[in-house]
Structures are given as C-alpha cells and as structure tokens.
Amino acid sequence: MQQNDFDKFFNRAHEDKSPNFDEHINVAVVGKVSAGKSSLLNAILERGRSDPLAKVGAHSGVTTKITAYKLDKHVLIIDCPGLDDVRAENSEETKEFLDSIDLGLFVITGSADASQKSNYDDLKRNCKKVMVILNKIDEWDDLEESAYESVVSQWKEVLGANKVYGTCTKGYDPKMRQSAPMDIRGVDEVKGDIFDFLEKVGKSILFARHLKNKEKYAIGIIATALAAVAGEAFIPGSAAYITATQVVAITSLHYLYTGQILNKSSALSLLPQFAGQSIGMTAFLWAKSFLPPTLVLDLAAMGIAVVITFAMLATVKWILENGHPLEQGDMLKDTFNDFKKVGSELKDMSIDDLKNKHNIYELIKRLLAKQ
Ligand SMILES: Nc1nc2c(ncn2[C@@H]2O[C@H](COP(=O)(O)OP(=O)(O)O)[C@@H](O)[C@H]2O)c(=O)[nH]1
Ligand SMILES: [Mg+2]
C-alpha cells in the first residue's frame, strides 16, 4: 500500500467515523414546581450537594417560570412547568430551542393526575424523545409494593405513556441537615437510556463531557475502537482504517476531557510519538511499522493492532485525566510502553470476544486499573 492510497482510505474512513462536534443538544425538563426537576438534573449530571448545577428548593413567587442552563455552546437545558412558558418568552433563542428539542424529561410526582396530559402531549409533539419520570418514589417506601405499582400504571394510563421511570433525587436541598444522607435511586437507568438515545442520534459525547465521572464513557470509546480495529484488520486498506479509528478515538477522548476539538492533522501527528519517533515519521510510516504493508492483515497482526490501539488510547486517557498536555513526547512514549505490557493479554482474544461489548468493557476496566 502506498502513501496516496493510505491518505485516500484514511480520509474517507475518518469522515465516516468522526462525531459531529458542531451539533446541538436541547433538553426540556418539564414538570410542576417542586416536582424535583432541579434535583433530577443535578443527579443526572452527577453533581454533589456542595456543587449543584441547579438550585434546589428555593422558590420565590417572583422568579420566572423558566430556567435555562447553557452547559456550553452545544448543550442547552430548559427547566419549566410546560412548553407554553417557554413560548411565552418569545425570544430568538427560545424559538430555536422549541424547533429542535431532542429530549423531553417529563417529571411527575404523587398520584396520577389527568390534568397533566395536555402538557405531556405538547412535550411529545415537540421532542424527538420523551421520558416520563415519577420522582420522589421514597413516598412509597413504607407502603406495600403494590401501591407503587398501581400508581405507575395509573400514570401510564392517564398520560398514555408506555414507560414510567421511578426515581428518588433527595438530598440537594440546602435546607437539609449537613449530615442527612443523599438518597439517589433510579437515576442510573434514566441516564443509561438518555445515553442510548443520544448515541443513536450521534450526540452522546456532547453530553458526556458534562458528567463528573467521565471514566465510563471513556472506556466505552476505547471498547468501541478495539472492536472496530479487530473488524478492520481483514478489510482492504486496513492500516488506513485502523489509523482513522485511532484518530477518531483520540479526538473523542480529547473532547471528553477538555471540551476542545483536536484537529485531524494534530491528532495524526501524535501517532508516531507513541513510538518515540516524532521527527519525520508520518502516520503512514507509523502504521507500516507495526502492521505488515499488505492490504489485508492476518490474525497475528490483528492482535498487535488491538494491543497498540489499547495502549495508545489508554495513554491518551491517562494523560488527559491527569491534566497533562498531549504534546509531551516522553510522557506519551513511556506511558504507552507501560500500557502495551498491561494490554498484552488482548493479543490472544478472538474477534467475537472483542466484539462482545459488555466483556470488552469489563476487561478494559480491569486492565486500566492495573497501571
Ligand atoms: N422526598 C423527596 N424529596 C425530593 C426528591 N427530589 C427532590 N426533593 C425535594 O423537593 C423539593 C423541590 O425540589 P426541586 O429540585 O427544587 O424541584 P423543582 O422545583 O421541580 O426544580 C426540594 O426540597 C427537594 O429536596 C425526592 O426524590 N424525594
Ligand atoms: Mg427547579
């Protein structure tokens, strides 16, 4: 394979795989005052009592009915009793928001209330996806299990919803005793489904960046890349495809930890540095140095490509997590060599094992903890 072919394959694959960092996510959190919308938002974003994003509990009669949280220029969350309150604002920004709401979180509490149906329908009409969340499930803690189950089915019936998530998000009210425990339940399931949805529309990374704990998402990026590399080893142009996978994963990790978009050529120029050969070596020569120059790889080369990709991405994750700049060649090289040893057991894995998302996730987590 020649440099020209490599570039051609690489550029095409890079374009296919790269997330669109210019996208926007709009989220509407809708529910009555005091339903726990602010608390839920804090819990979803993994905030603690001491660093909430949304102020909990304080409701003065004069505050406006809507609160907007602009997490960055890509992510806007609006918290309100109903979309009509957003319409009433009637600004350029609210119009844009209303025209493209990705996700609606409809927050309810207590026993079923048919008067909420029109609000819910309005939300459904205006969002790509709506999730109904019954908050304050601790209200049923002392009752028979069936009491909670029947309230859930009543809510489903009055709203015409097929799923109701149950959550508890108690603990963010500054009026609470310092020693009172946080009581967070059901939020992981909500978060998981939010991410599945955002993944489908290619926007999950824009949201993940705002989580306090980025480890899980970072491991997901590495797992996806390793499965891709294993599959790409046997297709024509494999070295270029594998390089594109590596570059996209590096760019994604970089965005997750820093919020900055690393451009393609900067990411490409990092690759040879893992081998400590930064001067004059192109990504093409780097790929050739560990992959045979044929168009199609063999099984042994696949194992090497997987280990090297793991070591590279684990290194990038480690460096970013620890707040170091990526440009430090010596640090890249030393950390890369450490992770190459740690990752050597990946060499003997079958493609099927590498493509089993759950297993590979657990394995990567274990390997990362070894370092
Ligand atoms: N018992 C209980 N109280 C909660 C729960 N979630 C929030 N709260 C409390 O409900 C009150 C209103 O919460 P807040 O998040 O400000 O609601 P919002 O007006 O919808 O934003 C606060 O005192 C919260 O501490 C919960 O799951 N259970
Ligand atoms: Mg609130």
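This report covers the central sheet, the helices packed on it and the surroundings of ligand 1 in a predicted model.

## Sheet layout

Six strands make up an open sheet. Their order is β2-β3-β1-β4-β5-β6, and the pairing is mixed. The edges belong to β2 (67-70) and β6 (164-166). Each edge strand has a single partner, so one side of each lacks a neighbour in the sheet. On average, neighbouring strands are turned by 20 degrees against each other, with direction ignored.

In a regular strand, side chains alternate between the two faces of the sheet.

## Strand pairing: β1, β2 and β3

Strand β3 (residues 75-80) runs parallel to β1 (residues 25-31). Six bridges join the two strands. One pairing can be named by residue: Asn26 has Leu76 of β3 as its bridge partner.

The pairing of β2 with β3 is antiparallel and spans four bridges. Here Thr67 stands opposite Asp79 of β3. The connection between β2 and β3 is a hairpin of four residues. Strand β3 thus pairs in parallel with β1 and in the antiparallel sense with β2.

## Helices on the sheet

Helix α4 (residues 92-99) packs on the sheet. Its contacts are with β1, β2, β3 and β4 (101-108). The direction of α4 makes about 90 degrees with that of β1.

Helix α6 (residues 145-159) lies across β4, β5 (127-134) and β6. It runs at about 150 degrees to β5. Strand β4 appears in the contacts of α4 and also lies under the path of α6.

## Surroundings of ligand 1

Which residues come nearest to ligand 1? Of the 18 residues around it, they are Ser34, Ser39, Asp138, Thr169 and Asp173. Two elements, α2 (37-44) and β7 (168-170), each supply at least two residues of the shell. By class, the shell holds four nonpolar, eight polar and six charged residues.

Several polar atoms of the protein approach the ligand. A nitrogen atom of ligand 1 is 2.7 Å from a side-chain N or O atom of Asp138. On the backbone side, an N or O atom of Thr169 lies 2.8 Å from an oxygen atom of ligand 1. A polar backbone atom of Gly36 is 2.9 Å from an oxygen atom of the ligand. How much of ligand 1 does the protein bury? Taken alone, the ligand exposes 580 Å², and the protein buries 89% of that.

Methods. Residues numbered from 1 in each chain as written. Chains lettered and ligands numbered in written order. Predicted model: local features only at pLDDT ≥ 70, side-chain atom pairs only at ≥ 80, totals over all residues. Heavy atoms only, no water. Near = heavy atom within 4 Å. Polar contact = N/O pair within 3.5 Å; in protein donor to acceptor, adjacent residues only side chain to side chain. Areas by Shrake-Rupley, 256 points an atom, 1.4 Å probe, with all protein chains shown as cover. Nonpolar A, V, L, I, M, F, W, Y, C, P; charged D, E, K, R; others polar. Pairing = 2+ DSSP bridges. Axes fitted to C-alpha atoms, helices over the stretch in contact; angles between N-to-C directions. Contact = heavy atoms within 4.5 Å.
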